[in-house]
Every structure is written in C-alpha cells, then in structure tokens.
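This report looks at how a ligand is held in a protein chain and at how the parts of that chain meet.

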Amino acid sequence: MASIDSTSLVSQPKPLNILLVASEAVPFAKTGGLADVAGTLPLELTRLGHRVSLIMLGYSMIDASTHGLTPWGQLSVPTATGPKEAIVECGVLPDATLPAGRQAQIFAVRHDPYFARKGLYQESGADYPDNLERFAFFCRAVVQWLVEFQNKAKWVPDVIHAHDWQTALCLAYLKILYVDYTQHHAVGTLFTIHNLGYQGLFPASDYPKTGLPPSLFVPSGLEFYGSCNILKSGLIYADLLSTVSETYSREIQTPEFGFGLDGLIRERHDRLVGVVNGIDTNVWNPATDTHLPAHYCATEVSGKRACKSALQHEMKLPVKDVPLLAVVSRLSVQKGLDLVAAIVPELMRLNVQLVLLGAGDVSAEDQWRSLHGRYPHQLGLRIGFDEGLAHRIEAGADLFVMPSRYEPCGLNQLYSLRYGTVPIVRRTGGLADTVVPYTPTTVQERRATGFMFGEASADALLNAVLLALQVYKDRTEWSRLIQTAMQTDVSWARSTRAYEAVYRQTLRSVRGDS
Ligand code: ADP
C-alpha cells in the first residue's frame, strides 16, 4: 500500500519577499566576510523558496557586462544638498544550481561621483572623507527605490535585512522619513552587526548630511559622545538585531567588546539573536575548487599533499615535508597578528614554515615585510588581496592560525575545517562557537577539530601551536583530526533556516502574523 507523505499535508508557511541591503557582496565587490555573507545568503534563501533581492552600491569595479547587469531605471535621490541622480542596474546573482526563473536578483546603485573610486571605503589606508555622504546617499536611494519599485515591479518586501553601519541609515529613513510607506506595508526589519568595531563615526558637524531631523541628534538618537554614530541608526530603528555568532551576541553586551555601545545593546537584548555564518560549499569545495592544482575530499585526502607542495613552490619556500602554518587575513589590530609576529623567531627555530597573505595597516605590512626579509626560506609572504591564493593556502597548509582579539564569526576557520587545515584559534566570538578544541575529552569522543587558547598573549598562542605540532607528529591522530574537521557541517543550511525564523519573528513584531 502506498504511504502518504504526512509532511505534504502540513501547510507550508508562505514564502517571503526578502530584500538584503549590503555595501559589498561576492562576486561583485569584496573586502571581507560581509561580502561572502551578502552574496551567499540570498542564494540560500532562494533555494528555500523565498523571493530574494540584494541591493548594493554600483562601484566602478563592478563591470555591468561582465556581470550581466542591465539598466533598470533612474532615481532622483533627495540629499541634504538637493536631489542627485542615481542609476540602478539589475541582474541575477550567479548560481548554476538554481533553476532558471528561481534566481535571486541583484540591484546596483550607481552614482559615479561617489562610487567610481579605487576602493570601497578607503584608499591607501585612509577612509574617504565623504563616506557619510556616500552611504547616506546609498541608503536614501535604497528607500526611494523601494517606493518606486513597488509601482514598477509589483514587489514589496516583507522583510528588509540590512548589514553593518553602511546600510544602517535605511532603517532610520524608513521609520522617520518614509513612515507612510512602512505604515502601509508593515515591513519587518532586521539589522545585522558583522563587526561592532566599525560604527561609522563622523564629526557632529556632519550630522545634517544624514538628512534626519536635528531632534534625533541626541544621546538616545545618533549622537555618541559628541560625535555622529551611524551604526546607532540600525541598533535603534531595526525591529530585530542579529550578530554573526551566539558568543559574539553575548560579548557585545559587555564593556570589553561593546565599543561604547554595550549599554544600548543591553537595552535591546531581547531583540538580539546570534546566527553563525555558513560558507558557500560550492565555491569552497576542495573536491572541485578551480583555484587548486589538485583535488581531494574527506575520504581521499592525498590531493592535499600535492596542494601543499604547489603552495610551497608558489610562495618560494623549500618543497619539503614540514608543518606548514598559514594566515589569510586583514592586517588589523583585531586579528591579533602581532601575536603571530611576536612568536615568529620561536617558530623559525622549530622546523616549520609559515605563509601569510594579508593587507591592511601599513605598519603591520612593513613588520611582515621585514620578518620576511629575515626568514625568506621559512616565511612565505604576499601582501595584497588575492582570492585564488587564499583558496590555495586553505588547501595547501596544515594549520591555520587565527589569534583574533575579537572575532564576530570568522570565515577562514570554516574554510579551514572544510579543507582539512586544522585551525588554531583564540576562544572568542564565532571562533569559540565553530571550532571544537583539542582536549582529552573531545579527542576521546572524536569531536576535536582544532586547537584553542584563551588569553590574547604570544605565550598562550605559542603553547597552542606547540601542542598542535606535537599532535601533528602522530600521523594517525592527525588524520583523525582532519577527518572530523572535514566532516563538520559548515554549510549555510542551518544558518539560513535560522534567518528564516528571525525574518518571521520580525513580521510577527510588526504585523502580529508570520
Ligand atoms: P573579516 O570579515 O573580519 O575580514 P572573516 O574571516 O569573516 O574576516 O572574512 C574574511 C574573508 O576575506 C575571508 O573570505 C578571507 O578568505 C578573505 N580575505 C581576507 N584577507 C584576504 C586577502 N588578503 N586575500 C584574499 N582573501 C582575503
């Protein structure tokens, strides 16, 4: 007798119209993990059946023909100094695994005087002085576009999901300047903090450029100890807040990690959730990764050895069987790479190699160049941003080092798990939530996936490295560690379901339904 699939009898919740707003997204423009999230989450939500659009800035490096973007229309964007024109282009987010007609849309807002520049936020280490105008313009354009888009495309978002300070003003504009629109459509809003260290702080004299009423420049509004704090616009006006790991969602409620905003975040703690990031397991797949010279998977890891030799060759290191440690990172104080620099002399006395790919603080770049000058045969260095090399390092290294002082989520430890490159991480934020530290218990239970240390000190890091190197010598134990790491679920599936639940919660908060 044929059985009836009982799940088909349960009514499925309605698909949602979701609009993501972000200042960078792969494959269009990227400086960090935000781009991975903003480019991947729309695809995963689309896979679940939702209708998803992403709107971002039309930087000049986003070539319309390369990305298949076509003109959508023009907008007259109100600004503090009068209306300015934006050109909106649209296309689809590339993903060969989604059926035609079920794709996520991408909209890019172009305004060359603001966005046709070499960098996204800065050049030669200095932020663009008109960043407030640039991102206020973008946010105003997004909201203006929403109003016009509903007429043109008959699509109104149920939920708007904005990311980081660059998009935070959208939420104030919606609640303050476009209140008719939100009253009419009851849109739920979610604001995700990817890194509380970046708040969009500007002098008080810049506040009028936001176009918001002077009455909001108060401590309970956008004022922050005499400055203008754009991130507060998201923290105050979003219906719900999220951050990118549960540990980080607790940490930012403390003075140590709150960057002066912990009080405000504590006030809204009942509106705050932590959703850990996933990774795009199609792009980051050692079995198919087009950046790699050889391929491998959890059941057949021999290709990893070929990736290691090729990496040693590429980084001009002797090709030999010694532990290869790696770092791929922005060079900023947050990432704690000064701790790695401090132990380089000790590391070099051991029979190991280290490769570092990074860019950022000029003084840190210089420090690594000088270390490279001292140890050219053990330290491989590339200053710059190189996506392909980042993949080859993940595949070719044995150990991946992330000693971050704080780390909201972190993506590289997730890539490392997937590529069988054992992470050594500090116990903070998403690193604490995604790596299972090597301890007698976790080893016995076959759950260990990496090494973890607590104190942000060179000694604590060195001890963790020494333990890892000791375990590395035991080939059976090491391959067990690699196996467990590679079998860890780092996909978006779980996180996407979590976001879906949060979106429905935002709707309940504004509409009382789901
Ligand atoms: P954050 O967003 O704080 O920089 P994450 O770990 O969340 O840190 O994400 C960093 C992302 O940027 C990862 O995809 C990482 O591989 C990539 N990345 C960082 N620096 C470089 C670089 N110099 N070259 C290539 N990719 C880099």
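Domain bounds, as used here, come from an automatic or database domain assignment. For this predicted model, that assignment divides the protein chain into domain 1 (15-278 + 493-511) and domain 2 (302-488). The centres of domain 1 and domain 2, taken over C-alpha atoms, are 32 Å apart, and the contact involves 19 residues from domain 1 together with 18 residues from domain 2. Between them, domain 1 and domain 2 bury about 1,400 Å², of which 57% is on carbon and sulfur atoms.

The ligand lies between domain 1 and domain 2, because both domains give residues to the shell around the ligand. That shell holds 18 residues, the closest being Gly33, Arg330, Lys335, Gly384 and Leu411, and by class it is made up of six nonpolar, seven polar and five charged residues.

Three polar contacts to oxygen atoms of the ligand are set out below.

| Residue | Protein atom | Distance to a ligand oxygen atom |
|---|---|---|
| Lys30 | side-chain N or O atom | 2.9 Å |
| Gly33 | backbone N or O atom | 2.7 Å |
| Asn412 | polar side-chain atom | 3.2 Å |

On its own the ligand has 570 Å² of accessible area, and the protein covers 93% of that area. Two or more residues of the shell come from each of helix H1 (33-47), strand S15 (324-331), strand S16 (353-360) and helix H13 (412-418), and S15 gives the most, with three residues.

Notes:
Residues are numbered from 1 along each chain as its sequence is written. This is a predicted model: local features need pLDDT of at least 70, side-chain atom pairs count only at pLDDT 80 or more; totals for chains, interfaces and linings use all residues. Side-chain values use heavy atoms; hydrogens and water are left out. A residue is near a molecule or strand if one of its heavy atoms lies within 4 Å of it. A polar contact is a pair of N or O atoms within 3.5 Å; within protein, one must be able to donate a hydrogen and the other to accept it, and residues adjacent in sequence count only if both atoms are side-chain atoms. Accessible areas come from the Shrake-Rupley method with a 1.4 Å probe; for residues, only the protein chains shown count as cover. Helices (H or I, at least four residues) and strands (E, at least two) are DSSP runs, numbered from the N terminus. Ala, Val, Leu, Ile, Met, Phe, Trp, Tyr, Cys and Pro count as nonpolar, Asp, Glu, Lys and Arg as charged, and the others, Gly among them, as polar. Contact means heavy atoms within 4.5 Å. Buried area is the accessible area (1.4 Å probe) that two parts lose on being put together, summed over both.
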